[in-house]
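Here is a short tour of one protein model, written for someone who likes to know where the open spaces are. Have the structure open beside you as you read.

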Amino acid sequence: MKNFTSVADVADVKALIKSGLSLKQNPYAHKSLGQNKTIGLLFFNSSLRTRMSTQKAAANLGMDVMVMNVTQDSWQIEMEDGVVMNGGTAEHIREAAAVLGTYCEILGVRSFPSLKDREKDYQDHIIRAFMQHAGVPIVSLESATLHPLQSLADMITITELKQVARPKVVMTWAPHVRALPQAVPNSFAQWMPHIDADFTIVQPKGFELNEEFSNGAQIMHDQEAAFEGADFIYVKNWSSYQNYGEIGTDQSWVVNQDKLKNTNAAKVMHCLPVRRNVVIADDVLDSDSSLVIQQAGNRVYSAQAVLKAILEH
Ligand code: CP
């Protein structure tokens, strides 16, 4: 694998899932693979899971890790070409990315969308600029539009824990108090057709995802009907793609234990962080229905499978 920015970078998704599950059983089997190699993790936005799990994954492969909170610790970076840099930005992405590429064999980049300018956000210009100028493989740690390390962990979790060969998986929109990106649901929808599952997305009208990602999923607007017989329910808020960045707060979409009654004893997933009793109720998160901790734990093996594939390239 050369880069990892979307499912399109993966030649064989099922083999990558299998690799993640195998690494979970034997995390230190490839401890010498990353010896004398460095990964740089660049965060333009906050993180708990992605930051720690990717560090752990790299360490399991014997890599050295450098982490930078770019917007706090570094020079303010200019992303536009051809500008006269006589304002607040002190360093151009062309130099910054190229220099970091001389220090690291792999770079990971996290950069969220503005949620103000849809066209610009969906160009994913920060991660693309690193791909253009760094000269080393780039791993998305969540871009403006996609979060493939999360989705691979989700695929590993479903594959690991499914009780039937072809489970029913429902991704449901849930309310929130802030405008959140569409990256996680876009990405989940993009990966789901690559595993054996019946996949439904349920959301209020006006919260349809970009069809480029949701294409192929069954789309519903009635949460109760969608949950019937579900084996896995993936809960996530996202702001509107149509009315770009609009927040949805409809409390009737909060996922609680009562809503699971007509499922097939569904297991509930969420990428975390989750706002309790805003998105998912305590009675789900604190019950055996919740998979959120196991799911987050699998972030290590998702990242490790990806780094291993890049190191072996
Ligand atoms: N799910 C996820 O990416 O978590 P963090 O934002 O904490 O990294």
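The notes below cover a pair of strands and then two pockets.

Please keep in mind that this is a predicted model.

Let's start with the strands. Six bridges join strand 1 (residues 38-43) to strand 2 (residues 64-69), and the pairing is parallel. Within this pair, Phe43 sits opposite Asn69 of strand 2. Together with helix 2 (residues 49-60), the two strands form a β-α-β unit that is right-handed.

Now for the pockets, set side by side:

| Pocket | Volume | Nonpolar lining residues | Polar lining residues | Charged lining residues |
|---|---|---|---|---|
| Largest pocket | about 690 Å³ | 14 nonpolar | 10 polar | eight charged |
| Second largest pocket | about 250 Å³ | 14 nonpolar | two polar | one charged |

Why does the largest pocket lie between domain 1 (7-146 + 299-311) and domain 2 (150-297)? Because both domains contribute residues to its lining. The volume of this largest pocket is about 690 Å³. It is lined by 32 residues, with Phe112, Glu142, Leu180, Pro181 and Pro273 closest to its centre. Helix 2, from the β-α-β unit, and helix 8 (183-191) each provide at least two residues of this lining.

The second largest pocket holds about 250 Å³ of space. Its lining has 17 residues, and those closest to the centre are Leu42, Met68, Ser74, Leu100 and Tyr103. Strand 1, strand 2 and helix 4 (93-103) are the elements giving two or more residues to this lining. Helix 4 gives the most, with four residues.

Note on methods: Residues numbered from 1 in each chain as written. Predicted model: local features only at pLDDT ≥ 70, side-chain atom pairs only at ≥ 80, totals over all residues. Heavy atoms only, no water. Pairing = 2+ DSSP bridges. Right-handed = clockwise from strand over helix to strand, strands pointing away. 1 Å grid on protein atoms, 1.4 Å probe; cavity = no way out; pocket = protein on both sides within 12 Å on 5 of 7 lines; lining within 4 Å. Points joined across faces, edges and corners; volume = space filled by probe spheres on them. Nonpolar A, V, L, I, M, F, W, Y, C, P; charged D, E, K, R; others polar. Domains from an automatic or database assignment.
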